[in-house]
Amino acid sequence: MNHHSGRALPQRRRRPLLVTTAAAFALVMAATACGGDSGSDDGVVELRFSWWGADDRHATMQEVIEVFEEQNPDIRIAGDYTDWGSYWDRLATSTAANDAPDILMQEERYLREYGQRGALADLSEFGDHLDLSALDPLVAETGELEGQTFGIPTGVNAYAVLADPQAFEEAGVEMPDDTTWTWDDYVEIANEISEATDGELVGVQSMAYNESGFQIFARQHGENLYAEDGTLAFSAETMTSWFEITSALLEGGGQPSAAESVEIEAGGPDQSVLSTNQGAMAHFWTNQLGGISESSGRDIELLRYPGETENERTGMYLKPAMFYSVSANSEHPEEAARFVDFMLNNEAAAELTLSDLGLPSNVDMREHILDDLPPADERSAAFLEEITGDIVDGNPPPPIGAGEVVEITKRTSDALGFGDLTPEEAAEQFMNEVSEATGSS
Amino acid sequence: MTTLLHGKSRTADDSGTGAKPPRAPRKAAASRGGNRRYENLAALGFLGPWFLGLVLITAGPLMASLYFSFTDYNLIGDHQWVGLENYERMLSDSRLHSALRVTFVYVFVSVPLQLAMALALAMVLDRGLRGLALYRSVYYLPSLLGGSVAVAILWRQVFGADGLINQVLAFFGIQGEGWVSHPDYALGTLIVLNVWTFGAPMVIFLAGLRQIPAMYYEAAAVDGANPVRRFWHITVPMLTPIIFFNLVLQIINAFQTFTQAFIVSGGTGGPSDSTLFFTLYLYQRGFGAFDMGYASAMAWLLLMIIGGFTAVNFLASKYWVFYGD
């Protein structure tokens, strides 16, 4: 104990200093604790803009932001991006922390969830700053909920089969005629490719990881994924036959093993079997053609979904690719709206994004870029035009909770792939979990 | 014998009681008034930031989560009191049950393995190798890195289908699995990751081994006890307080594992929920499904589980932990 009293004496003499130090320390702590958000004094408004995507989109978006900042010196945009999987985790966390980005990308399955909970601004209120007059009427109102506009569609998209003609050639298998091919053809072709190349190339990447494909399948059978009231609009039989296709491919070797699929799916579009030149077909959205073509270094083609002429009706549909939304908590909603306006109506922005956010929903911009699209984007534009005439109708907006279905689909597919569930059980589990997530059980 | 545990509490006592005595003589000796106030001010100044942190960052959210666990809070909008509904839902939530199963397997397999590894390495290092300090640091390193995102990503690569492990196996003509992407093995890779971070308990074991008086061993050796007997009859009993300390800490840690599972499974807990740790599922409910009320209730369930285990540990310790004096 002696050493304590020994030290106490000199300490006492320095006590004023001690108090000052302590006070200074406390001050520094407090200052650093609150020093996060500093509005700049030079009259420049800083906004954060969040999007998801693969590498090529990140590069494009940075360019778009540069052009915007040049034309709008009073606004600075900080890009904040990640891949699709982490995007929703991050958005949920930052929204909960009242730190949502000012401008953000939304998607059909999440838009209403966020809108209904008051996290998104009503974009119909910005009249002068945000011109919506040139929007394609087909999708113009897809971001509305109970009279409020929570999202402006970026562009139009269709879910399709992407095919690599070079892979088909290497396997010595002929490309199918996509106006007539059936689901049996699809399975046969995929299995044949894997077999012909001795597993070097895989026929098709698993289609079971995205419910958008099933939606087409259900529509082909006169059903749908969700009804207008948000309940499930398909039968267990339809879903069972959908999963049976995947089982047939797993058995026949036409698609990667379950373990491989888990890894491929985790890698996103950049790691798809097409991007890595390890397969012949994969299911993606038309706006992903550009990115996947680029990473594969090949001229990937778009095919209509199998079975379009086989069943009751066609199942393919157009979908608003993504939405621009503004956070309800943004301190500068007007500036944010100006940026959305720029993305939507500015020619330079359209020239940079091309069809990466879907074929532009602004019909003038669509017209403007149509003539000088790079080959891949041109193919997706032509494809959309080609299928539009055969599309029967649109889809009702997905119910709140549909975002959770993304994970449910993944889980069910894993269980099916690893043989834990039969197609029948997988259908049952999927239906139970989705009904619960969307509150229709 | 002074064990680390005792050593710890003893120093804590020292500073606790030690803070007072100097004050008494000072008060008597001090002629200037207000010294005490100055001192208190200083103490408050230094304590302030910590106390603020405790209230704002720990206690506040803790209480908030307890409150939210009885509501249907969804992160963004309003919330309503729902009583015990969240807790009732847990009874029929099959994913919660599978998350509990995964977490228990993880805790019960990885903690004993990790401690055994740590003790074994500590005993090797205790033999007075040359360059001991270096080895100690090298083995300790994984402990610092183990919970990090970078290592989890590395793990993913090493155990991936085209990863290091499979390349080595391929060299011997064995076709390996995608370890992290197969439900039968994914949890195993995470257990291996946890065992690999044996450094922290190892350093503590090493300190404990150093405290065992050499004379016990000498006496036993004279009586003809072989190394195995010496291990079981001297080392282990003398180390029990340290083993107990490590056990409690590592169990608590293991229950709260999140980062590794989140990164390795890409946040899904997949494949087939085989790496769906309790905390990961909690995160999914809270931030994926906006079910924050339920997630809060889950957090309190975890707290109760960990509290229960720690209590049982302490109760059981009476029967096997030997404190020497």
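1. A residue counts as buried if 20 or more other C-beta atoms lie within 10 Å of its own, as exposed if 12 or fewer do, and as partly exposed in between. The structure discussed here is a predicted model. By that criterion B:D126, with 17 other C-beta atoms within 10 Å, is partly exposed.

2. The setting of B:D126 can be described further. This residue lies in the loop that connects α5 (94-125) to α6 (132-145) of chain B. Leaving aside residues up to four places away in sequence, B:D126 touches B:L206 and B:L209. Its C-alpha atom is separated by 36 Å from that of B:G160, a residue 34 places away along the chain.

3. Helix α10 of chain B comprises residues 199-211. Does its length agree or disagree with the expected span? At 1.5 Å a residue, its 13 residues should span 18 Å, and the end C-alpha atoms are 19 Å apart, which agrees. The buried residues in α10(B) include B:G199, B:A200, B:P201 and B:M202; B:I204, B:F205, B:L206 and B:G208 are buried as well. B:L206 is thus a buried residue of this helix and also a contact of B:D126.

4. In chain A, an open sheet of five strands follows the order β2-β1-β3-β12-β6, with mixed pairing. Strands β2 (75-82) and β6 (152-153) stand at its edges; each has a single partner strand, so one side of each is left without a neighbour in the sheet.

5. Within this sheet, strands β3 (residues 103-106) and β12 (residues 323-326) of chain A run antiparallel and are joined by four bridges. A:I103 stands opposite A:V326 in β12(A). In general, strands of a sheet pair through backbone hydrogen bonds, either parallel or antiparallel.

6. Helix α5 of chain A covers residues 108-116. Eight of its nine residues are buried, so the helix is largely enclosed by the rest of the structure. The buried set consists of A:E108, A:R109, A:Y110, A:L111, A:R112, A:E113, A:Y114 and A:G115. Just after α5(A), A:G118 adopts a positive phi of about 80 degrees.

7. Helix α5(A) packs against helix α16 (residues 402-417) of chain A at an angle of about 140 degrees, the axes being 6 Å apart. That angle makes α5(A) oblique to α16(A). A:R109, A:Y110 and A:E113 of α5(A) form the contact with A:A402, A:G403, A:V405 and A:V406 of α16(A). By class, this contact has four nonpolar, one polar and two charged residues. A:R109, A:Y110 and A:E113 also appear among the buried residues of α5(A).

Technical notes
Residues numbered from 1 in each chain as written. Chains lettered and ligands numbered in written order. Predicted model: local features only at pLDDT ≥ 70, side-chain atom pairs only at ≥ 80, totals over all residues. Pairing = 2+ DSSP bridges. Helix = DSSP H or I, 4+ residues; strand = E, 2+ residues; numbered from the N terminus. Axes fitted to C-alpha atoms, helices over the stretch in contact; angles between N-to-C directions. Parallel < 35°, antiparallel > 145°, perpendicular 65-115°, else oblique. Contact = placed C-beta atoms within 7 Å. Nonpolar A, V, L, I, M, F, W, Y, C, P; charged D, E, K, R; others polar. Expected span 1.5 Å × (residues − 1).
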